[in-house]
Amino acid sequence: MEFINHLVWHDGKLLGIDWSVWKIIGWLGNAVFFSRFFVQWYATEKKKQVVVPQAFWWLSLIGSVTLLSYSLHQQDSVFIFAYAFTWIPYIRNLMIHRQNKAARIVCAGCGQKNPPQANYCPHCGEKLAK
Ligand SMILES: [Zn+2]
């Protein structure tokens, strides 16, 4: 018990980390950014095909902007540069996701929504009107 207590509380600090509001913001950014891997992995395992869900880009954007604000607070040029431009492809991918969703073709046969490049409905086989 003493050993576990020493691991958790070290030098009067939780996990030996000097906690502050900015440390909490930084760790939240890390948690959000890291969670995107599990979201992408789960989606890929579910479809048995490599997919990048929209949530991956949202988590990337929120996590990297949070880490960018933390790095600006820390005034660490290496850390700032690492997150200064990553938001550009994240936003672009979110825009393309949105455009793709809007361009989906509704099947006249079954009413299912299909990707814009589809010629036949994969749900009922009906030829899609373009
Ligand atoms: Zn159909």
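This report describes a predicted model, taking in its confidence, its zinc site, the surroundings of Asn-114 and helix H2.

## Model confidence

The structure is a predicted model, and its mean pLDDT over the protein is 91. A score of at least 70 is reached by 98% of the residues.

Confidence varies among the elements of the protein: strand E1 (residues 9-10) has the lowest mean pLDDT, 73, whereas H3 has the highest, 97. Where pLDDT is low, the predicted coordinates should not be read in detail.

## The zinc site

The zinc ion is held by four cysteine sulfurs, namely the SG atoms of Cys-107, Cys-110, Cys-121 and Cys-124, at 2.3 Å. The angles among these 4 donor atoms run from 102 to 116°, and the site is tetrahedral. Along the chain, the donors are arranged with the spacing C-x2-C-x10-C-x2-C. Cys-110 belongs to the loop between strand E3 (105-106) and E4, while Cys-124 belongs to the segment after E4; the pair therefore ties together parts that are 14 residues apart in sequence.

Two of the donor residues may be described by their accessibility. Cys-110 counts as partly exposed because its relative accessibility is 38%. Cys-124 is likewise partly exposed, with a relative accessible area of 41%.

## Asn-114 and its surroundings

Asn-114 is part of strand E4 (residues 113-114). Its relative accessibility is 0%, so Asn-114 counts as buried, the cut-off being under 20%. Beyond neighbours within four places in sequence, Asn-114 is in contact with Arg-104, Ile-105, Pro-122, His-123 and Leu-128, as well as Cys-107 and Cys-121. Both of these cysteines are among the residues that coordinate the zinc ion.

The side chain of Asn-114 also reaches the backbone oxygen of Gln-112, at 3.3 Å. By contrast, a separation of 60 Å lies between the C-alpha atoms of Asn-114 and Glu-2, residues that are 112 places apart along the chain.

## Helix H2

Helix H2 covers residues 21-47, a run of 27 residues. At 1.5 Å a residue it should span 39 Å, and its end C-alpha atoms are 40 Å apart, so the two values agree. The helix is followed by Lys-48, which has a positive phi near 55°.

The buried residues of H2 are Gly-26, Gly-29, Phe-33, Arg-36, Ala-43 and Thr-44. Their cover includes helix H3 (54-74), helix H4 (77-84) and helix H5 (87-102). Of these covering elements, H3 is the one with the highest mean pLDDT among the elements of the protein.

How values were computed
Residues numbered from 1 in each chain as written. Predicted model: local features only at pLDDT ≥ 70, side-chain atom pairs only at ≥ 80, totals over all residues. Heavy atoms only, no water. Helix = DSSP H or I, 4+ residues; strand = E, 2+ residues; numbered from the N terminus. Buried < 20%, exposed > 50% of the residue type's maximum accessible area, 1.4 Å probe, protein only. Contact = heavy atoms within 4.5 Å. Polar contact = N/O pair within 3.5 Å; in protein donor to acceptor, adjacent residues only side chain to side chain. Donors = N, O, S within 2.8 Å, 3.2 Å for Na, K, Ca; no water. Tetrahedral: all angles 85-135°; square planar, octahedral: opposite > 155°, others 65-115°. Expected span 1.5 Å × (residues − 1). pLDDT = per-residue confidence, 0-100.
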